[in-house]
Amino acid sequence: MVVIKRSDELATMRRSGRLAAEVRETLCQAVRPGVSLLELDRLAEQQILGAGAIPSFMGYEGYPANICASVNEEVVHGIPSDRRLKDGDIVSIDLGVILDGWHSDTATTVAVGEVRADVARLMQVTETSLQRAIRQAVPGNHLSDISNAVEETVRVHGYGIVRELAGHGIGRQMHEDPMVVNYGPPGQGLVLREGMTLAIEPMINLGSAEIEVDADGWTIRTRDRRPSAHFEHTVAVADEPIVLTVV
Ligand code: MF3
Ligand code: CO
Ligand code: CO
């Protein structure tokens, strides 16, 4: 069932999204050679709790941290450790908050110092694919118009689109209907309506689309060990789509 949010509910989700975006920006600023993933996790925890909100990932299906931090060939769901970032790495940071009962979910991939040109391009194209997908989140469009926008943006680059994971509805719960995949033909599936809220999140690999899961049961990495990028916003469907996870 796809839940439509009232305008007062959207206003609360906007506050939730603003907090998530502020935390995301804090973590981006903290990324530099030498910083550890656990240090990023602690910064997020402090800022979220300090704002009177709850880090939604902690304890989610047993997840043991406040953020996901996925380095280089790690796609998503990397568990923060004492690993220190180094020049030339990329790190995908994903975080979620619950504020006054409403979820938001956002992710970004950040360069640590100087990265290879092909990796910088992967990050840039993945972010562009998210922005193009967001433009499709208008009433009357079909759900797969969002999916198709991601696929069409990355296709010419020959990147691998991760198929096993997807975006999702979001609201009172982190994961609601519908599932928002990152590939497929346009004009299919649910007709979008004003007040639907979606987390749109392309996960794009420089090489093959194939992934595998680590022994920790969480960390997803590319099978070919080439890098992967992930960008995510929580968005409200409207004639002018509303990105909730901005400062
Ligand atoms: N935020 C992720 C998503 O984009 C889900 C994280 S699951 C967790 O849907 F267990 F790591 F929190
Ligand atoms: Co997320
Ligand atoms: Co999400």
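User: How do I read burial for a single residue, say S147: buried or exposed?

Analyst: Burial comes down to relative accessibility, and the cut-off for buried is under 20%. This is a predicted model, so all of what follows describes the prediction. S147 comes out at 3% relative accessibility, so it counts as buried. S147 belongs to helix α4, residues 143-155.

User: What does the side chain of S147 reach?

Analyst: It reaches the backbone oxygen of V181, at 2.7 Å. If you set aside the neighbours within four places in sequence, the contacts of S147 are V181, N182 and Y183.

User: And V97, where does that one lie?

Analyst: V97 is in strand β4, which covers residues 90-99. Its relative accessibility is 0%, so V97 counts as buried too. For a residue like this, look at what surrounds it. Beyond its neighbours within four places in sequence, V97 is in contact with S16, L19, A20, I48, I54, S56, W102, H103 and S104. Take S56 from that list: V97 and S56 are 41 residues apart along the chain, yet their C-alpha atoms are separated by 5.0 Å.

User: Which strand pairs with β4 over five bridges?

Analyst: That's β2, and the pairing is antiparallel. Within it, C68 stands opposite D94 in β4. Keep D94 in mind, as it is one of the residues coordinating the cobalt ion (ligand 2).

User: How do I read the two sides of a strand like β2, and which residues point which way?

Analyst: Sort the residues by the direction they point, then check burial on each side. In β2, I67, A69 and V71 point one way while C68 and S70 point the other, and all are buried. That fits the count for the strand, residues 67-71: five of its five residues are buried.

User: Let's get to the metals. Which residues coordinate the cobalt ion (ligand 2)?

Analyst: With a metal site, start from the donor atoms and their distances. For the cobalt ion (ligand 2), the donors are two OD atoms of D94, an OD of D105 and an OE of E232, at 2.0 to 2.5 Å. Along the chain, these donor residues are spaced D-x10-D-x126-E. D105 sits in strand β5 (residues 102-111) and E232 in the loop between β13 (228-230) and β14 (233-236), so this pair ties together parts that are 127 residues apart in sequence. D105 and E232 are both buried.

User: What do the angles say about the geometry of that site?

Analyst: The ideal values for six octahedral donors are 90 or 180 degrees. Here, the six donor atoms around the cobalt ion (ligand 2) make angles of 56 to 163°, and the site is irregular.

User: Which residue bridges the cobalt ion (ligand 2) and the cobalt ion (ligand 3)?

Analyst: D105 does, and the two ions lie 3.2 Å apart. The protein donors of the cobalt ion (ligand 3) are D105 (OD), H168 (NE2), E201 (OE) and E232 (OE), at 2.0 to 2.2 Å. The angles among its six donor atoms run from 53 to 174°, and this site is irregular as well. Its donors are spaced D-x62-H-x32-E-x30-E along the chain. H168 is in strand β7 (residues 167-169) and E201 in the loop between β9 (197-200) and β10 (203-205), so the pair links parts 33 residues apart in sequence.

User: Are H168 and E201 buried or exposed?

Analyst: H168 is buried, with a relative accessible area of 5%. E201 is buried too, at 6%.

User: How do I read an open sheet, and why is one side of β6 and of β13 left without a neighbour?

Analyst: List the strands in order, then look at the two ends. One open sheet here has the order β6-β10-β13, with antiparallel pairing. β6 (160-161) and β13 stand at its edges with a single partner strand each, so one side of each has no neighbour in the sheet. β10 and β13 pair over three bridges, and M203 stands opposite H230 in β13. Helix α3 (residues 117-134) packs on this sheet, touching β10 and β13, and its direction makes about 30° with that of β13.

User: What is the strand order in the open sheet that holds β12?

Analyst: It runs β3-β12-β11, again antiparallel. Here β3 (74-76) and β11 (211-213) are the edge strands, each with a single partner, so each has one side without a neighbour in the sheet. Neighbouring strands are turned by 40° against each other on average, direction ignored. β3 and β12 (residues 220-222) pair over two bridges, with V76 opposite I220 in β12.

How values were computed:
Residues numbered from 1 in each chain as written. Chains lettered and ligands numbered in written order. Predicted model: local features only at pLDDT ≥ 70, side-chain atom pairs only at ≥ 80, totals over all residues. Heavy atoms only, no water. Donors = N, O, S within 2.8 Å, 3.2 Å for Na, K, Ca; no water. Tetrahedral: all angles 85-135°; square planar, octahedral: opposite > 155°, others 65-115°. Helix = DSSP H or I, 4+ residues; strand = E, 2+ residues; numbered from the N terminus. Buried < 20%, exposed > 50% of the residue type's maximum accessible area, 1.4 Å probe, protein only. Polar contact = N/O pair within 3.5 Å; in protein donor to acceptor, adjacent residues only side chain to side chain. Contact = heavy atoms within 4.5 Å. Pairing = 2+ DSSP bridges. Axes fitted to C-alpha atoms, helices over the stretch in contact; angles between N-to-C directions.
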